[in-house]
Amino acid sequence: FDPHVWFDPTLWTFAAARIAEALAEAGVPAAAAALPAWEAETAALHLYAGEVLATVPEEARVLVTAHDAFRYWGRAY
């Protein structure tokens with residue numbers, strides 16, 4: 001478990017699938033029914049982030065951080 005996966009929306013799909021699975025096993029089938037819409041929303045967010053971040057000139061794409069959680073963001077974008 002790493003709470004920093006929220007830096008990469010594509011990883012949310014895996015987390016959401018596991019959550020929906022656990023909720024279904026606990027008797028909450030509505031979570032599984034909502035999963036396709038959630039996957040579509042996170043895919044759209046990932047595309048949007050990629051498009052917006054692509055507007056930053058390549059030579060200006062520098063991230064300085066003191067927190068290792070940004071590795072998810074850096075790897076994704």
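**Figure 1. W6, F7 and F70 make up one aromatic cluster in this predicted model.** The model is a prediction, in which local features need pLDDT of at least 70, side-chain atom pairs count only at pLDDT 80 or more, and totals for chains, interfaces and linings use all residues. Residues are numbered from 1 along each chain as its sequence is written, and side-chain values use heavy atoms, with hydrogens and water left out. Rings of Phe, Tyr and Trp (its six-membered ring) are paired if their centres lie within 6.5 Å; planes under 30 degrees apart count as stacked, over 60 as edge-to-face and the rest as tilted. A search of the whole structure gives 4 aromatic pairs. In the pair of F7 and F70, the ring centres are 4.6 Å apart and the planes stand at 55 degrees, so this pair is tilted. The pair links distant parts of the chain, 63 residues apart: F7 belongs to the segment before helix 1, and F70 to helix 3 (residues 70-76). Helices (H or I, at least four residues) and strands (E, at least two) are DSSP runs, numbered from the N terminus. F7 is buried, at a relative accessible area of 12%, whereas F70 is partly exposed, at 27%. Here buried means under 20% relative accessible area, exposed over 50%, and partly exposed in between (1.4 Å probe, protein chains only).

**Figure 2. W12 of helix 1 and T42 of helix 2 touch each other.** W12 is located in helix 1, and T42 in helix 2. With a relative accessibility of 2%, T42 counts as buried. Leaving aside residues up to four places away in sequence, T42 touches P9, W12 and T13; a contact means heavy atoms within 4.5 Å. On the same basis, the residues touched by W12 are V5, W6, F7, W38, T42 and L45. W6 and F7 also belong to the aromatic cluster of Figure 1. Between the C-alpha atoms of W12 and W38, which are 26 residues apart along the chain, the separation is 9.1 Å.

**Figure 3. R18 and E21 form a salt bridge.** Side chains of opposite charge can pair when their charged atoms come close. In this view, the closest N and O atoms of R18 and E21 are 3.7 Å apart. The criterion is a side-chain nitrogen of Lys or Arg within 4 Å of a carboxyl oxygen of Asp or Glu, and by this rule the count comes to 1 salt bridge. R18 and E21 are separated by about one helical turn, because they are 3 residues apart in helix 1. E21 is partly exposed, its relative accessible area being 41%.

**Figure 4. A nonpolar surface patch is formed by I19, L23 and V28.** Together these residues have about 230 Å² of accessible area. Patches are made of residues with over 30% relative accessible area and no salt bridge; like charges are joined within 9 Å, and nonpolar side chains (Val, Leu, Ile, Met, Phe, Trp, Tyr) within 5 Å. Accessible areas come from the Shrake-Rupley method with a 1.4 Å probe, and for residues only the protein chains shown count as cover. I19 lies in helix 1, which comprises residues 9-25.

**Figure 5. V64 and E41 are two exposed positions.** V64 is placed in the loop between helix 2 (30-53) and helix 3, and its relative accessible area is 76%. The C-alpha atoms of V64 and A31 lie 38 Å from each other, with these positions 33 residues apart along the chain counted as their separation. E41 is part of helix 2 and has a relative accessibility of 54%. From E41 to A20, 21 residues apart in sequence, the C-alpha to C-alpha distance is 16 Å.

**Figure 6. The protein chain holds 3 helices and 0 strands.** From the N terminus on, the elements run α-α-α. The C-alpha trace spans about 50 × 25 × 10 Å along its principal axes. The radius of gyration of the chain is 15 Å, whereas a compact globule of 77 residues would have one near 11 Å; this radius is taken over C-alpha atoms, and the globule rule is 2.2 Å times the number of residues to the power 0.38. Of the 77 residues, 14% count as buried. The accessible surface amounts to about 5,600 Å², of which 67% belongs to carbon and sulfur atoms. Among contacts between residues at least 6 apart in sequence, 67% join residues at least 24 apart.
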